[in-house]
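Q: Could you take me through one part of this model closely, and then connect it with the rest of the fold? I would like the cut-offs behind each term as well.

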Amino acid sequence: MPLKLEGIRFAYPGREVLKGVETEVDDGEIRVVFGPNGSGKSTLLKIVAGLLTPHDGRVVVGDRDVTHLPPERRNVGYVPQDPSLFPHLTVEENIRYSERHGRGGEELFERLVDMLDLEDHLDLKPSELSGGYATRVALARALFSEPEVVLLDEPLSDVDLAAKAEIVPEMREVLKDFGAPTLYVTHDPWEAERMGDTFEVMVNGRTVRVSDVEEALEVLRTGGAEVARG
Ligand SMILES: Nc1ncnc2c1ncn2[C@@H]1O[C@H](COP(=O)(O)OP(=O)(O)OP(=O)(O)O)[C@@H](O)[C@H]1O
Ligand SMILES: [Mg+2]
């Protein structure tokens with residue numbers, strides 16, 4: 001079901017971050033979100049995940065207004081920028097966590113473990129993982145819940161280049177198979193190019209749709225001066 005953000009406004013004390021974000025992401029569409037550090041990308045994802053409530057505007061999934069629903073009632077797969085795993089559970093138990101809620105299946109489990117090369121790590125505890133592997137586990141855990149909306153906040157920023165080159169096409173395929181709308185934050189043009197169907201840039205508290213990565217970089221270079229003054 002499509003994700004629609006309507007007039008989202010949000011401020012931290014003394015700092016207005018989102019000034020009326022409008023966006024719409026279709027089923028099966030991977031929308032890459034670019035934006036400078038501190039422009040509000042993570043804040044926007046937290047609002048869609050239900051961790052923050054916007055001061056104004058609506059988050060709509062299909063025809064359901066979820067703006068005021070708690071995170072656990074949204075069926076959102078969210079990988080935060082700095083994901084934390086459950087420290088007392090093994091890698092496998094972390095991934096399978098959503099089975100408690102009747103979601104996830106064997107075939108998907110195998111596929112995610114294979115895609116992210118986690119086979120040899122399943123019995124480890126999070127404290128025994130490198131940063132890149134911790135990220136992979138967080139990603140597997142989010143996707144294993146078969147979410148209706150997927151939110152990925154720089155999910156591969158800790159993953160080494162060679163692994164990234166393998167993971168990106170496979171992850172795109174998994175996301176495409178889910179067919180959920182996906183918001184994918186990254187600073188990496190290479191990754192964006194291969195992962196995204198559509199692109200937007202966060203500037204001056206709003207998102208601006210652009211046609212490709214090149215245009216996104218142009219908007220970033222100019223600070224969005226000619227597209228979104230305000
Ligand atoms: N909990 C908070 N309390 C107060 N201000 C915050 C909080 N979290 C973020 N901010 C501020 O809100 C603004 C947007 O932060 P956000 O994390 O959404 O940016 P971002 O686009 O994700 O940046 P980055 O690319 O560095 O991850 C920043 O100025 C940040 O300092
Ligand atoms: Mg961020």
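A: Happily! Asn-204 sits in the loop between strand S9 (198-203) and strand S10 (206-210); helices (H or I, at least four residues) and strands (E, at least two) are DSSP runs, numbered from the N terminus. This is a predicted model, in which local features need pLDDT of at least 70 and side-chain atom pairs count only at pLDDT 80 or more, while totals for chains, interfaces and linings use all residues. Residues are numbered from 1 along each chain as its sequence is written, with chains lettered from A and ligands numbered from 1 in the order in which they are written.

Although Asn-204 is not a glycine, its phi is positive, near 50°. With 15 other C-beta atoms within 10 Å, Asn-204 is partly exposed (buried means 20 or more such atoms, exposed 12 or fewer, and partly exposed in between, with C-beta atoms placed from the backbone).

Asp-117 also has a positive phi, of about 60°, without being a glycine. Its place is the loop between helix H3 (106-115) and H4. Asp-117 counts as partly exposed because it has 13 C-beta neighbours inside 10 Å.

Now to the interior. The largest nonpolar core (buried Ala, Val, Leu, Ile, Met, Phe, Trp, Tyr and Cys residues joined through C-beta atoms within 7 Å) has 61 residues, and Val-48, Val-137, Ala-140 and Leu-151 have the most contacts inside it. Helix H4 (residues 131-144) supplies the largest share of this core, 9 residues.
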